Structures are given as C-alpha cells and as structure tokens.
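Work through the exercises below with the model open. Each task is followed by a stepwise solution.

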Amino acid sequence: MTVTDPSPIDANPDSFRRMAESTAEQWAVIGERTRENQRRVADRMIMLLESLSSISDGFITDQLTHCLQTATMAERAGADEEMVFGALCHDIGKAISVPNHGPISAEMIKPYVRDDVYKSIMHHQDFQGRHYYQHFGVPTNLRDQFVDEPWFSLCEEFTDDWDHQAFDPDYDTLPLEHFEPLIRRITAIARF
Ligand SMILES: [Fe+2]
C-alpha cells in the first residue's frame, strides 16, 4: 500500500489574514482547494489505522488487527459498505485517546456514513459493556437506555456478532490493503 500525504504547500498569498476581511473569491479558492484535497481523508484514515498496529495495551492482538478482524467479520456476514467501513474504523479514535475513542471514531466517519452506522460507532463501548463491564464494577446493561433507538439492533449486531469476538490471532483476517478501495470510495465525497 502506498500512502502519500497529498497535502501540498498550496498556501494562497492572496488570501485574507482576518476572516472579517474575506471575500467571496477567496472563499471560492478555499472551497476548490478543499475539494481537490478531499483524497487526503482516505490517506490520513489509512495512516491512523496503520498506527493502530503499535497499540495492543494488553490485548492479545494489536488494535489494527482487531479493527481489520471486525471489518472482515462484518463483510463476511453480508454487511453493506458503510457498515463495513464503520466496523473498520470503529476504534480508530484509539490512535489518539482510548477513554473517549467511540465518539472520536464516530465523528471521524460521520460525513461518510448514514446515521445508524454513526450512532452505532458512537455508543459501541456501552454495548460492548455487556461482555466485560462487570470487571470494572459498571452495570452491564447500559445498552438498555438505547433500546427504543432505530439503530439499536444494528449496534447489537455490530458488537455481539463482530466487535467483541474480534480478538482472535488465528482468525483469517483480511489485510488493510483489501479495504483500501472501500476507504477511498466512501471518503471521496463528504455529506454535510
Ligand atoms: Fe473494538
């Protein structure tokens, strides 16, 4: 896999120094450059996913393997592309911070997935709690507060069928290269 940082040194000498002095023409340039550089999102998500290979924190697998295995399970179960992408990136926030990694990951993928995928990743840790929160003296039924949400069943499928059991070093996990076209396809256009 070749990951290039496409961020060019494309500072615009004609742009404003204070937003209050900005013009429509200057913002048009910024908008055009931003669209041109959209592929940077895929590159940087891939870079962050790759960085998870150096994080294990006591788990039997590193966090990249866990993410890849979760996505592999989702794909093999017939999940659609946005859910597979969500599964792949559900712990990407751990590259920055473990304690609030769910919301970090969810916000990173929000412009590229539908709402039930976004919400499932946002709250996946409390759903995972069914399988381990007792070891921390935390109620294992925190997911119950979301039982009436339209994304509840998707999040249950994600956590119970894929995420919580994706720590098997002997599983036939697909490599990051397998998911690269998917990452580039999904992040090509942001929904605002
Ligand atoms: Fe996970």
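**Exercise 1. Enclosure of H4**

Task: decide how far helix H4 (residues 81-89) is enclosed by the rest of the structure.

Solution. Seven of the nine residues of H4 are buried, so this helix is largely enclosed by the rest of the structure. The model is predicted: local features need pLDDT of at least 70, side-chain atom pairs count only at pLDDT 80 or more, and totals for chains, interfaces and linings use all residues. Numbering starts from 1 along each chain as its sequence is written.

Step 1: fix the terms. A residue is buried if 20 or more other C-beta atoms lie within 10 Å of its own, exposed if 12 or fewer, and partly exposed in between, with C-beta atoms placed from the backbone. Helices (H or I, at least four residues) and strands (E, at least two) are DSSP runs, numbered from the N terminus.

Step 2: list the buried residues of H4. They are Met83, Val84, Phe85, Gly86, Ala87, Leu88 and Cys89.

Step 3: find their partners. The buried residues of H4 pack against H2 (39-51), H3 (63-76), H5 (101-109), H6 (115-122), H8 (152-162) and H9 (176-186). Contact means C-beta atoms, placed from the backbone, within 7 Å.

**Exercise 2. H4 against H9**

Task: describe how H4 and H9 cross, and which residues make the contact.

Solution. Step 1: take the axes. They come within 10 Å and cross at roughly 110°. Axes are lines fitted to C-alpha atoms, for helices over the stretch in contact, and angles run from 0 to 180 degrees between N-to-C directions.

Step 2: classify the angle. H4 is therefore roughly perpendicular to H9 (65 to 115 degrees; under 35 is roughly parallel, over 145 roughly antiparallel, the rest oblique).

Step 3: name the residues. H4 supplies Glu81, Glu82, Val84, Phe85 and Leu88, and H9 supplies Phe179, Leu182, Ile183 and Ile186.

Step 4: sort them. The contact of H4 with H9 has seven nonpolar residues, no polar and two charged.

**Exercise 3. Two residues**

Task: is Ile46 buried or exposed? Is Asp57 buried or exposed?

Solution. Step 1: Ile46 lies in H2. Ile46 has 20 other C-beta atoms within 10 Å, so it is buried. Its C-alpha atom is 8.0 Å from that of Ile183, 137 residues apart along the chain.

Step 2: Asp57 lies in the loop between H2 and H3. Asp57 counts as exposed because it has 8 C-beta neighbours inside 10 Å.

Step 3: check the backbone. Most residues other than glycine have a negative phi. Phi of Asp57 is near 50°, a positive value.

Conventions
Contact = placed C-beta atoms within 7 Å. Nonpolar A, V, L, I, M, F, W, Y, C, P; charged D, E, K, R; others polar.
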